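I opened the model to look through its helix packing, its cores and a few single residues. These are my notes, in the order I looked things up.

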Amino acid sequence: SVLYLAPFRYSSLGLALCRRLLEEDGRIHLCIACRDTLKSQATRDLILADYPDAQVSTVEVDVGSLASVLRVARELRCRFQHLDFVYLNAGIMPNPQVNFKALWHGLFTGKALHMLTTAEGIMTQTDRLNGDGLQEVFATNLFGHFILVRQLESLLCGNEKPSRLIWTSSSNARKAAFSLSDYQHANGQESYSSSKYATDLTSVVLNRKCNKQGLYSSVVCPGLVMSNMTYRILPIFIWKLLMPVMWLIRFFAKTYTLTPYNGAEAHVWLFKQKPEYLDALVKYHSCTSGLGKNYVETRKIDVDEETAEKFYQKLLELEKQALERYSDLD
């Protein structure tokens, strides 16, 4: 069974990945987890229109709400005995802003290509507290997923077949944006980058602790995909003006995958690999050549394992507080 956790839209990475997974193996049971029931049902209908014999089910969950995560975990434990893959792709980037002054400066310092491929130094976001008193980006992009994984351990660990976690990280996951003393990133303007770096840290520790129990974790970067999240960064008409330039940039920046189909390349590649042969300390990047050929590139994750362990302990402390608060739902 494959659990795919994501916001679903008609042109999303989620829909493209679901279709590509069924192209690889039409026998899988695909479970779509989404906070919008109508959209997940519409996505299910689109998938079944192309793959009428596919097994596709849905569950409703908002990973930014601990109560919702605990409820869906209980539902999934009732529905399934084992999960082969869990794709952890849900995420938000609230109120993104582009620093055009920094971008302009980058054009004259030789850093433009690096800035355009990682958004380093040119992207900021504003964050807020959610209903659980957590920073919204941290809660949605990482902590809700972490709680779900912990709650589904009986379906993921200690079974005859291995289970796989595949987290959608980003090339924007930067060590400089993350701080152990402010791991929820309450005091900065790069909450998205911080949450993605925290994702990398979490995956590294999970491998160290869970591989012997048959649970393997990987992080991927889909590259720059034109999606609803991307379109919120700039007005759509500007993106349309930029598209010819972006197709040209792809000859120099292979992570400009641009389409959801291309962006899902690393996710699908990992679906076909034996987990015991994968490197727990690399990130798998979806890449597209200037001529449109898709491939996967591996890059070392810039993590300090001691920092990763300390962060993991902070997650466990926060988990304990959350479960005490929602003890009736655990």
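At what angle do the axes of helix α3 and α6 cross, and within what distance do they come? I keep in mind that this is a predicted model. The axes of α3, residues 66–79, and α6 cross at roughly 30°. They come within 9 Å. Angles under 35 degrees count as roughly parallel. I therefore log α3 and α6 as roughly parallel to each other. The crossing of α3 past α6 is right-handed.

Next I listed the residues that make this contact. From α3 I noted Leu66, Val69, Leu70, Val72, Ala73, Leu76 and Arg77. From α6 I noted Phe143, Gly144, Ile147, Leu148 and Gln151. I sorted the residues of this contact by class: nine are nonpolar, two polar and one charged.

**Entry: α6 and α8**

I stayed with α6, which covers residues 136–151, and turned to helix α8, residues 191–210. Their axes lie 8 Å apart. The packing angle is about 15°. α6 and α8 are therefore roughly parallel to each other. Here too I looked up the handedness: α6 passes α8 in a right-handed crossing.

Which residues make the contact of α6 and α8? On the α6 side I found Val137, Asn141, Leu142 and Phe146. On the α8 side I found Ser191, Tyr192, Ser195, Lys196, Ala198, Thr199 and Thr202. The classes here are five nonpolar, five polar and one charged.

**Entry: nonpolar cores**

I then looked up the cores. The largest nonpolar core has 55 residues. Those with the most contacts inside it are Leu76, Phe138, Phe143, Leu152, Leu156, Leu165 and Phe311. Which element gives the largest share of this core? It is α6, with eight residues. I also noted a second, separate core of 25 residues. Leu21, Ile28, Leu30 and Val56 are included in this second core. As background, nonpolar side chains in soluble globular proteins tend to be buried together.

Phe143 had come up twice by now, in the contact of α3 with α6 and in the largest core. I looked up its partners, leaving aside neighbours within four places in sequence. Phe143 is in contact with Leu66, Leu134, Phe138, Leu315, Leu318 and Glu319.

**Entry: the loop between β7 and α8**

I moved to the loop between β7, residues 163–168, and α8, where I found Ala186. His185 is in the loop between β7 and α8 as well. Is His185 buried or exposed? His185 has a relative accessible area of 9%, so I enter it as buried. Its phi is positive, about 60°, although His185 is not a glycine. Ala186 has a relative accessible area of 43%, so I enter it as partly exposed. I also checked Ala186 against Gln135, 51 residues apart along the chain. Their C-alpha atoms are separated by 6.5 Å.

**Entry: Leu258**

Leu258 was my next stop for phi. The value is near 70°, which is positive in a residue other than glycine. Leu258 lies in the loop between α10 (236–249) and α11 (260–263). Its relative accessibility is 3%, so Leu258 counts as buried.

**Entry: His267**

I found His267 in helix α12, residues 265–271. At 1% relative accessibility, His267 counts as buried. What is His267 in contact with, beyond its neighbours within four places in sequence? I noted Leu13, Leu17, Tyr87, Asn89, Ile166, Thr168, Val220 and Pro222.

**Entry: Ala54**

Ala54 is in the loop between α2 (37–50) and β3 (55–60). With 13% relative accessibility, Ala54 counts as buried. Not counting residues up to four places away in sequence, Ala54 touches Leu22 and Leu48. I also took Arg44, ten residues apart from Ala54 in sequence. C-alpha to C-alpha, Ala54 and Arg44 are 9.8 Å apart.

**Entry: the chain as a whole**

Last, I looked up totals. The protein chain has 13 helices and ten strands. What percentage of its 330 residues count as buried? The figure is 56%. I then took the contacts in the protein chain with a separation of 6 or more. Residues 24 or more positions apart account for 74% of them.

Key. Residues numbered from 1 in each chain as written. Predicted model: local features only at pLDDT ≥ 70, side-chain atom pairs only at ≥ 80, totals over all residues. Heavy atoms only, no water. Axes fitted to C-alpha atoms, helices over the stretch in contact; angles between N-to-C directions. Helix = DSSP H or I, 4+ residues; strand = E, 2+ residues; numbered from the N terminus. Parallel < 35°, antiparallel > 145°, perpendicular 65-115°, else oblique. Left-handed = near helix turned anticlockwise from the far one by under 90°. Contact = heavy atoms within 4.5 Å. Nonpolar A, V, L, I, M, F, W, Y, C, P; charged D, E, K, R; others polar. Core = buried A, V, L, I, M, F, W, Y, C linked by side-chain atoms within 4.5 Å. Buried < 20%, exposed > 50% of the residue type's maximum accessible area, 1.4 Å probe, protein only.
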